[in-house]
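Please read this report alongside the sequence and the coordinates. It deals with one strand, its pairing partners and the nonpolar cores.

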Amino acid sequence: MTKSNATRRSIGILASPLSVEGIDDSDLDGHVPLDILLNGSRIIIPYWDDPNPKDELWIELAQDGSVTRLYTEYLDPPQPAYLYFPLTPAHLVTDGVAFLSYKVWKASGGIPDPSPDRKLTIDHTPMVVLDTPEFPNATRWGYLNNNTHPPLTCGVTVSIPTANGFAAIGDRAKLYWQGYSSLNASGPPVPESYGDWDILLEQKHIDKHWEFVVPFEPCIRPLVDYDSAVARWQLFKGGRLYGESKNGSVMIDRVTPGEPGPFGLSIQGEMEMTFKLLPPKQRPASFGVKEVGLFSAITAETLTDNYIAKSVMDSGILIVNLDRTSDEDDNDDVDVELRVKGGIFETIGTVPLGPIADRPAGKIPLEIDTSKIQELPTPIDPTTYEIRVKVYKGGGGIEDPSNIIEVVVDQTAPFHTKNPRREARPTPAPTFVNRPTDPQVTVTEAWMALPANANVNCKVPVNYPQRRPADDKVRVWLRNADLSVLVFEGTVPDTGEISFSNSELRKFPPRGRVNIVQQYEDLPGNPSLESAPIAFLTLALAQVPVSNKGPLVPRTDPNFTTPLYLDDLASGISAIVESAFIDNAETGDQIYITIEDANDATVFHDFDPQAWTGANLTFPLEYENLAKIFADATEPKRVNIKYTITRTGMTTDVESPIETFILAFDYAGPENPDLPDLTNSILQLPVVTGASKTPNSLLPGDRSKSATFKVVFALTDPPLTPEQTATCYINGVRLEPYVPFVDETEFEVEIPTSVVTGLPTPSVKAFWTIQKSGVDKNIMRSKEETVLVAGHPIPLPTPTVRIRKPDTRPYIECFAMKSPTSSYDLGLIIPKDPLLPPGKTIKVHFEAHKTAAGDDLIPNTKVSADYTIAAADVQDFAPTGTTPAVFKAAQPARGAVAYGKYWYTTDINGEQSSTPVVRRIDTISTSFTYCDGTAAPAPAP
């Protein structure tokens with residue numbers, strides 16, 4: 001690549017375009033050949049016009065929404081005109097569309113100068129192995145030599161096998177030819193022999209193998225002695241290389257011993273065939289007697305009924321093959337005789353056969369200049385010539401005449417005349433048998449849909465000059481401007497009736513005039529002129545719809561940059577096909593939307609189609625269908641969305657451009673079985689505890705203190721991770737979020753006193769949520785737990801017990817017990833108070849502790865009992881329900897120290913409690929007996 005053939009262009013501030021070796025710059029889609037995918041290539045960047053020291057160069061590859069920087073270079077001038085960087089197979093590992101570009105930061109700063117994107121289409125699908133091309137004119141041993149017919153100077157015929165099921169009309173075939181200076185296509189190639197040719201495939205290429213003639217100049221001329229050539233072909237579909245054949249090889253040898261140069265060339269470079277006729281040799285008159293039994297045989301390669309192919313006539317040489325005789329001499333020569341059938345033989349030349357050792361095996365090819373066998377102007381029939389040869393052993397003696405062969409020369413194409421020789425275009429034009437009846441012959445969708453019109457039926461002329469029934473062929477094209485479609489190629493029927501599928505009409509623009517053209521060819525291959533284009537029909541078909549924009553998903557605006565979350569499902573998610581961006585849609589068209597995993601097109605869902613109405617179409621995107629695409633992903637996923645327009649009779653559906661959005665259905669916590677409901681029934685319920693340590697119940701005494709909100713996970717629950725946030729709520733109040741430093745299976749947060757104080761009675765709801773930190777979407781919440789809330793504390797009068805010596809022994813003693821004291825039933829004296837009117841029920845409580853603070857409960861000492869407030873003039877003495885066992889548990893032996901804690905509770909706007917009183921217990925007498933008279937054990941030693 002040179003700087004002259006890479007045009008520098010300025011597009012705004014864009015740098016010059018880059019190139020990739022091996023990818024044609026004219027291929028805008030940038031189909032990457034398989035050899036580059038396997039072996040890599042090079043990126044070519046023109047060095048910029050105003051270089052500076054430390055210019056910074058970035059080379060980037062964008063694919064699937066992400067950009068990878070391939071290279072970062074710092075360059076100082078001077079540099080070569082082009083910079084080269086490897087494009088490796090690793091860069092091209094992902095199938096799909098990628099964009100290659102570069103940026104130049106002048107002196108590593110300032111504003112970058114970006115290049116245009118170079119689109120690359122990457123597809124690692126293995127190529128199809130196509131059938132190998134063949135050489136139909138090669139000998140059975142694989143040679144093209146002096147005996148090849150037609151002569152090598154007319155080129156080499158290559159048979160290309162496209163009729164194998166892979167090729168289609170409109171595909172492109174490319175044939176490659178390369179010569180080698182060896183017989184087995186090895187070693188260095190002969191550079192000047194290379195050739196390649198592009199062929200746009202038509203129906204004739206699909207129906208059968210077809211032939212291509214590799215020209216003598218320049219591809220054959222350099223191949224002279226012990227050489228070879230290979231031919232291979234490739235098939236391209238839509239610009240993408242679809243398949244490639246293996247090499248077909250043929251050996252080439254154009255040297256004949258004793259000749260001055262290679263076959264077909266003299267030393268001066270003039271055309272000279274091997275066994276070329278020389279002027280007739282004068283023979284003595286006696287050389288006319290034939291010896292019986294010495295009979296030579298000749299043949300000529302002709303067509304049916306001895307017709308000579310036009311290609312042979314055009315080559316200028318007709319080869320007549322002479323069988324070698326059984327008795328030969330180095331000085332043998334041959335006279336060739338020619339006559340119009342029924343006329344007199346005339347010797348047209350003599351051929352010296354040369355040394356026996358140099359003669360080809362089997363048959364000797366004799367050249368006859370086709371100018372000597374031209375078609376005569378009269379009669380009207382083709383001209384039949386007769387040929388024979390006479391072999392003269394040693395150049396003299398007895399002549400050995402051959403058999404007589406006939407060759408028929410027909411150089412007058414169908415519709416042409418011989419005398420005077422005049423070319424004429426085929427007429428009349430083909431008639432349209434099942435044509436529409438209107439004057440403009442308008443073909444509509446309604447006409448196309450009729451079963452009787454599945455084929456376009458025509459009738460071509462058959463009563464024309466020079467017709468040869470059963471042998472003539474006709475080709476018929478339909479044309480519109482520069483577009484030509486071959487719709488029929490075959491033998492001219494006796495009736496002239498031909499037909500072709502009406503689907504051929506859909507290859508043209510749907511509206512406009514279509515002309516018809518016909519052309520004929522006879523058995524030898526003489527082509528008539530093409531007929532003048534004649535108006536045939538007018539197309540008024542439904543135009544192929546065009547989609548200019550993909551579906552709109554409003555919840556992702558602007559420009560599909562906002563992800564879709566589970567939260568969005570509550571209000572519904574829809575995609576909209578906007579009518580303003582569709583051209584040529586018609587009533588009856590169907591439109592359906594498709595969503596698919598952007599990285600795996602096999603994961604997709606097609607939504608039910610809707611009929612085109614000319615208005616916007618709305619497609620609800622239900623959760624179950626979106627969930628198919630999201631599957632079990634744990635991170636947001638890119639999703640493609642497009643719509644497809646279908647139409648009865650339209651061979652190819654029309655797809656909209658693809659749009660891509662983010663589906664963010666990932667969430668924290670255990671798997672939610674009820675999605676898309678954000679309440680996760682698997683989440684554990686919280687436990688709210690106040691100062692009283694009562695689960696999910698805040699007592700009056702708890703109302704002036706802080707509380708705790710605790711969640712303990714089940715064994716099967718995933719832990720709370722540092723990447724997740726838990727948030728607790730009570731009565732709608734959001735508490736401080738909790739984020740662990742390590743994975744945790746339980747957590748606890750404080751409910752501030754101010755929140756506890758403000759809670760309403762009689763109950764509130766508590767729940768908690770879990771989310772990915774920093775993402776306030778897809779927040780999973782637990783079910784609600786009911787927390788009982790008592791009213792604020794009311795100052796109830798403090799109960800007392802009977803104390804004999806309050807100043808010196810303010811203890812709980814046997815004196816405090818209900819009479820008789822042996823029952824050990826402690827009674828509380830409840831002061832009279834308006835808060836405790838007669839008939840009010842209270843509950844009295846007692847428990848024994850090991851400490852004076854009353855915070856170390858002694859087991860089996862906790863009791864309570866209900867009591868009803870007595871009349872105003874009756875003292876309230878409320879038994880607590882204690883028993884001897886309670887006090888003996890508190891003081892199990894002499895000298896044991898214990899403390900009794902007593903209080904009462906009642907319901908006044910919620911449960912209220914008196915202030916607990918703690919007193920020392922001493923119910924063992926100086927005689928070491930309990931209140932019930934039983935002995936108190938001595939302390940353990």
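The account below starts with the strand and then turns to the cores.

The structure is a predicted model. Strand E53 spans residues 763-772 and includes Thr769; the strand is mostly covered, with seven of its 10 residues buried. Three pairings of E53 are set out here, each of them antiparallel.

| Partner of E53 | Residues of partner | Bridges |
|---|---|---|
| E50 | residues 724-730 | seven bridges |
| E55 | residues 785-789 | four bridges |
| E54 | residues 780-781 | two bridges |

Individual bridges show how these pairings are registered: Gln724 stands opposite Lys772 in E53, Ala766 has Glu785 in E55 as its bridge partner, and Thr769 is paired with Arg781 in E54.

Thr769 has a relative accessible area of 6%, and because this is under 20% the residue counts as buried. Leaving aside neighbours within four places in sequence, Thr769 is in contact with Thr725, Ala726, Thr727 and Tyr729, and also with Ile779, Met780 and Arg781.

As for the cores, the largest nonpolar core has 57 residues, and those with the most contacts inside it are Ile591, Phe709, Ile730, Phe747, Ile751 and Trp768. Apart from this core lies another, of 35 residues, among them Val801, Phe846, Ile858 and Ala870. Not counting residues up to four places away in sequence, Ile591 touches a set of residues including Val577, Ile582, Trp612, Leu617, Phe619, Tyr643 and Ile645, together with Asp608, Pro609, Gln610 and Thr644.

Definitions and conventions: Residues are numbered from 1 along each chain as its sequence is written. This is a predicted model: local features need pLDDT of at least 70, side-chain atom pairs count only at pLDDT 80 or more; totals for chains, interfaces and linings use all residues. Side-chain values use heavy atoms; hydrogens and water are left out. A nonpolar core is a set of buried Ala, Val, Leu, Ile, Met, Phe, Trp, Tyr and Cys residues joined through side-chain atoms within 4.5 Å. Buried means under 20% relative accessible area, exposed over 50%, partly exposed in between (1.4 Å probe, protein chains only). Contact means heavy atoms within 4.5 Å. Two strands pair if DSSP finds at least two bridges between them.
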